[in-house]
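Colleague: I am new to this structure and would like a close look at one part of it. Please take me through how its helices pack against one another, step by step.

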Amino acid sequence: DVGYRILSGQDLYFDVFYNAGPIHPYMLAFFYWLFGFTSTAVVALVCGVNALVAVAPYVVSRRHLPFRHAALATMVSAFCFYGPMGLPSYDHSASFWLIVGVLVLELNGPIMASRRGLVVGFLCGVCASLSFLAKANVGLGAVLLFPVVFLLSGGRAGILMCYLLGCFITT
């Protein structure tokens with residue numbers, strides 16, 4: 001497994017053939033480091049990421065919908081994220097970082113007139129880049145999503161520049 005080989009000291013792309021971005025193997029290596037090279041590490045990665053992803057739709061939908069609808073959105077998203085495929089995948093890792101970026105944006109509310117907007121722009125850039133580095137086709141949507149949101153919501157040029165700085169520093 002590529003995560004174990006990274007944990008053993010091998011270099012990704014030099015010692016190990018891998019056809020996608022480096023984020024997913026390093027996430028696997030982190031969980032192998034925490035739990036050992038066992039199925040527990042794989043299950044912990046799947047359950048941990050799924051739990052965080054299930055919280056995000058609840059937080060976002062609860063701000064706009066009644067509890068019943070927010071709970072339904074949470075149950076559907078929790079099953080649909082890993083339900084059909086119980087193994088960690090770079091698609092899921094890329095989607096995870098996109099969802100974290102959306103959650104950062106949503107939790108900070110109207111940010112366009114504050115200095116906090118610069119930090120949010122930077123963090124969204126980091127999350128978009130991590131998503132892109134996990135899997136390019138999912139991450140490309142993330143990289144394009146946040147600037148559109150910033151520009152359509154009347155964002156200042158500084159927020160967009162902080163976003164680009166977050167993207168640049170991460171890559």
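Modeller: What follows is a walk through three helix contacts, with a few single residues along the way. Keep in mind that this is a predicted model.

Start with helix α2, which spans residues 23–35, and helix α3, which spans residues 39–62. Their axes come within 8 Å of each other. They cross at roughly 120°. That angle is over 115 but not over 145, so α2 and α3 count as oblique to each other. The crossing is right-handed. Which residues of α2 and α3 make the contact? On the α2 side they are Met27, Leu28, Phe31, Tyr32 and Phe35. On the α3 side they are Thr40, Ala41, Val42, Ala44, Leu45 and Val49. Sorted by class, the contact of α2 with α3 holds 10 nonpolar residues and 1 polar residue. It has no charged residues.

Stay on α3 for a moment. Valine 55 sits in this helix. Is valine 55 buried or partly exposed? Its relative accessibility is 45%, so valine 55 counts as partly exposed. Now look across to leucine 103. Valine 55 and leucine 103 are 48 residues apart in sequence. In space, their C-alpha atoms are 9.5 Å apart.

Next, return to α2 and turn to helix α5, residues 90–107. The axes of α2 and α5 come within 9 Å. Their crossing angle is roughly 95°. That falls between 65 and 115, so α2 is roughly perpendicular to α5. From α2, the contact uses Ile23, His24 and Met27. From α5, it uses Tyr90, Ser93, Phe96 and Trp97. By class, the contact of α2 with α5 has 5 nonpolar and 2 polar residues. Again, no charged residue takes part. Note Met27 of α2: it is listed in the contact with α3, and it is listed in the contact with α5.

Now move along the chain to helix α7, residues 136–152, and helix α8, residues 157–170. Their axes come within 9 Å and cross at roughly 165°. Angles over 145 count as roughly antiparallel, so α7 is roughly antiparallel to α8. α7 passes α8 in a right-handed crossing. Which residues of α7 meet α8? They are Ala142, Val143, Phe146, Pro147, Phe150 and Leu151. Their partners in α8 are Ile159, Leu160 and Tyr163. The residues of the contact of α7 with α8 divide into 9 nonpolar, no polar and no charged.

One more residue in α8 is worth a stop. Glycine 158 lies in this helix. Its relative accessibility is 29%, so glycine 158 counts as partly exposed. Glycine 158 and phenylalanine 96 are 62 residues apart in sequence. Their C-alpha atoms are 26 Å apart in space.

Last, the cysteines. How many disulfides does a search of the whole structure find? It finds 0. Cysteine 124 is in no disulfide. The nearest cysteine sulfur to it belongs to cysteine 127, 6.5 Å away. Cysteine 162 is in no disulfide either. For cysteine 162, the nearest cysteine sulfur is that of cysteine 124, 11 Å away. A disulfide needs sulfur atoms within 2.5 Å. As for exposure, cysteine 124 has 0% relative accessibility and counts as buried. Cysteine 162 is buried as well, with a relative accessible area of 18%.

Technical notes:
Residues are numbered from 1 along each chain as its sequence is written. This is a predicted model: local features need pLDDT of at least 70, side-chain atom pairs count only at pLDDT 80 or more; totals for chains, interfaces and linings use all residues. Side-chain values use heavy atoms; hydrogens and water are left out. Axes are lines fitted to C-alpha atoms, for helices over the stretch in contact, and angles run from 0 to 180 degrees between N-to-C directions. Helices (H or I, at least four residues) and strands (E, at least two) are DSSP runs, numbered from the N terminus. Angles under 35 degrees count as roughly parallel, over 145 as roughly antiparallel, 65 to 115 as roughly perpendicular and the rest as oblique. A crossing is left-handed if the near helix is turned anticlockwise from the far one by less than a right angle, and right-handed if clockwise. Contact means heavy atoms within 4.5 Å. Ala, Val, Leu, Ile, Met, Phe, Trp, Tyr, Cys and Pro count as nonpolar, Asp, Glu, Lys and Arg as charged, and the others, Gly among them, as polar. Buried means under 20% relative accessible area, exposed over 50%, partly exposed in between (1.4 Å probe, protein chains only).
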